[in-house]
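Q: Could you show me how to read this model, one feature at a time?
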Amino acid sequence: MTELAHVFREPVTLAIIGGTGLYKLEALKPIAKLTVSTPWGMPSSQITIAKTKTGFPIAFLARHGPHHDLLPSDVPYRANIAALKNIGVKVILAFSAVGSLQEYIKPRDFVIPNQVIDRTKGIRASTFFEKGFVAHAGFGEPFDPKLNKIIGDHCTEILHSDGVKLHTKETEGKDLVLICMEGPTFSTRAESQLYKAWGGAVINMSCIPEAKLAREAEIAYQMICMSTDYDAWNEAEESVTVAQVVGNLKANSDNAHRIAEKLIEILEPKIASGDVGSDLEGSMKFSVSTKPPARDRRANIRMHYLFPNYWPIE
Ligand SMILES: CSC[C@H]1O[C@H](OP(=O)(O)O)[C@H](O)[C@@H]1O
Ligand SMILES: Nc1ncnc2[nH]cnc12
């Protein structure tokens with residue numbers, strides 16, 4: 001077995017974050033494994049770099065670690081996003097196992113949400129900004145609308161197995177809302193029914209703060225959800241268990257890989273041309289409220305890791 005490189009000098013513009021059940025990308029042969037240290041600590045795992053046949057590099061990061069030893073509340077989200085930003089990433093496709101809050105979203109269906117409701121409990125570090133370096137990012141559209149549309153346009157027809165559907169805002173004609181809860185315990189029936197009544201489509205434990213941090217880092221981000229269960233709202237059904245989640249993920253991992261491979265192929269030229277992944281460029285530059293003389297120097301140095309050209313260190 002050949003040793004993988006520990007350094008990779010080209011920018012890597014596309015990253016895939018694998019969630020529960022997706023710990024590596026089968027189709028791509030790794031060429032490097034990077035250990036990246038950030039001002040916010042170490043990421044969940046080393047970052048694996050692979051190249052497509054055409055030489056396009058892709059980064060892969062396992063959200064809960066390669067052996068799934070991180071609770072959703074303990075994932076080092078800031079280090080993960082900072083490390084990806086630091087190696088050049090402009091676009092993140094983030095896979096996630098989710099519970100379905102609506103009858104029409106069946107276990108094993110894919111859902112590309114365009115909205116999110118944050119039901120985490122404030123125990124996760126959820127911003128790169130801090131006292132002495134105050135800034136605010138817009139989050140009205142929490143996911144990248146271009147990625148959302150591209151996935152709907154190119155992935156609907158490629159799913160294997162009878163009856164498995166891909167739901168997008170366009171296919172449903174309404175917002176597809178992801179509820180992100182704290183966990184690790186799943187929801188009660190009453191909570192699940194409340195989220196369903198709010199119009200939630202699916203529920204997970206890991207979109208927040210990942211999506212917020214990607215926004216602060218000016219990275220185009222879209223979560224790709226695979227439904228694994230009907231959560232707890234349906235009194236006629238058994239409430240969600242990990243066995244159900246893992247069973248459906250295993251049975252359907254082929255579809256997750258198909259989606260990832262298709263999107264890599266489609267996105268390569270679009271990222272290279274700047275058509276995708278550049279819309280947020282410059283959005284944070286003028287979003288800092290703290291006047292330069294009042295800026296905390298150490299915070300400023302940390303921010304340089306993300307944006308070396310934005311805010312000079314006084
Ligand atoms: C094992 S079920 C709950 C777990 O699954 C999802 O993980 P991920 O989003 O990383 O696929 C969910 O968010 C929970 O963390
Ligand atoms: N029902 C559920 N609730 C929260 N996270 C999940 N991940 C998979 N199924 C889930």
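Q: Into which classes, nonpolar, polar and charged, do the residues of the shell around ligand 2 divide, and how many are in each?

A: In this predicted model, the shell around ligand 2 divides into eight nonpolar residues, three polar ones and two charged ones. Altogether 13 residues surround the ligand, and the closest are Ala97, Gly99, Asn204, Asp231 and Val240. One can then ask which elements supply the shell: those that give two or more residues are β5 (91-100), β10 (200-204) and β11 (220-229), and β5 gives the most, with three residues.

Q: Is Leu263 buried or exposed, and how would I tell?

A: The idea is to count the C-beta atoms around a residue, and a residue counts as buried when 20 or more others lie within 10 Å of its own. Leu263 has 21 other C-beta atoms within 10 Å, and it is therefore buried. This residue lies in helix α6, which covers residues 242-273.

Q: Which residues is Leu263 in contact with, once its neighbours within four places in sequence are left aside?

A: With those neighbours set aside, Leu263 is in contact with Leu93 and Ile151. A separation along the chain can also be set beside a distance in space: Leu263 and His154 are 109 residues apart along the chain, while their C-alpha atoms are separated by 7.8 Å.

Q: Which residues of helix α4 are buried, and where do they lie around the helix?

A: For a helix, it helps to look down the axis and ask where the buried residues point. In α4 (residues 189-197) the buried residues are Ser192, Tyr195 and Lys196. Seen down the axis, these fall within an arc of 100°, so they line one face of the helix. That buried side packs against β9 (177-181) and β10, whereas the face turned away from it carries the exposed residues Ala190 and Ala197. Just after α4, Gly199 takes a positive phi of about 95°.

Q: How many helices and strands are there in the protein chain, and how compact is the chain?

A: Here one moves from single elements to the whole chain, which has seven helices and 11 strands. Its radius of gyration is 19 Å, close to the 20 Å that the globule rule gives for 314 residues, so the chain is as compact as a globular protein of that length. Buried residues make up 44% of the 314 residues. Among the contacts with a separation of 6 or more, 80% are between residues 24 or more positions apart.

Methods
Residues numbered from 1 in each chain as written. Chains lettered and ligands numbered in written order. Predicted model: local features only at pLDDT ≥ 70, side-chain atom pairs only at ≥ 80, totals over all residues. Near = placed C-beta within 6 Å. Helix = DSSP H or I, 4+ residues; strand = E, 2+ residues; numbered from the N terminus. Nonpolar A, V, L, I, M, F, W, Y, C, P; charged D, E, K, R; others polar. Buried ≥ 20, exposed ≤ 12 C-beta atoms within 10 Å, placed from the backbone. Contact = placed C-beta atoms within 7 Å. Rg over C-alpha atoms; globule rule 2.2 N^0.38 Å. Arc of directions from axis to C-beta.
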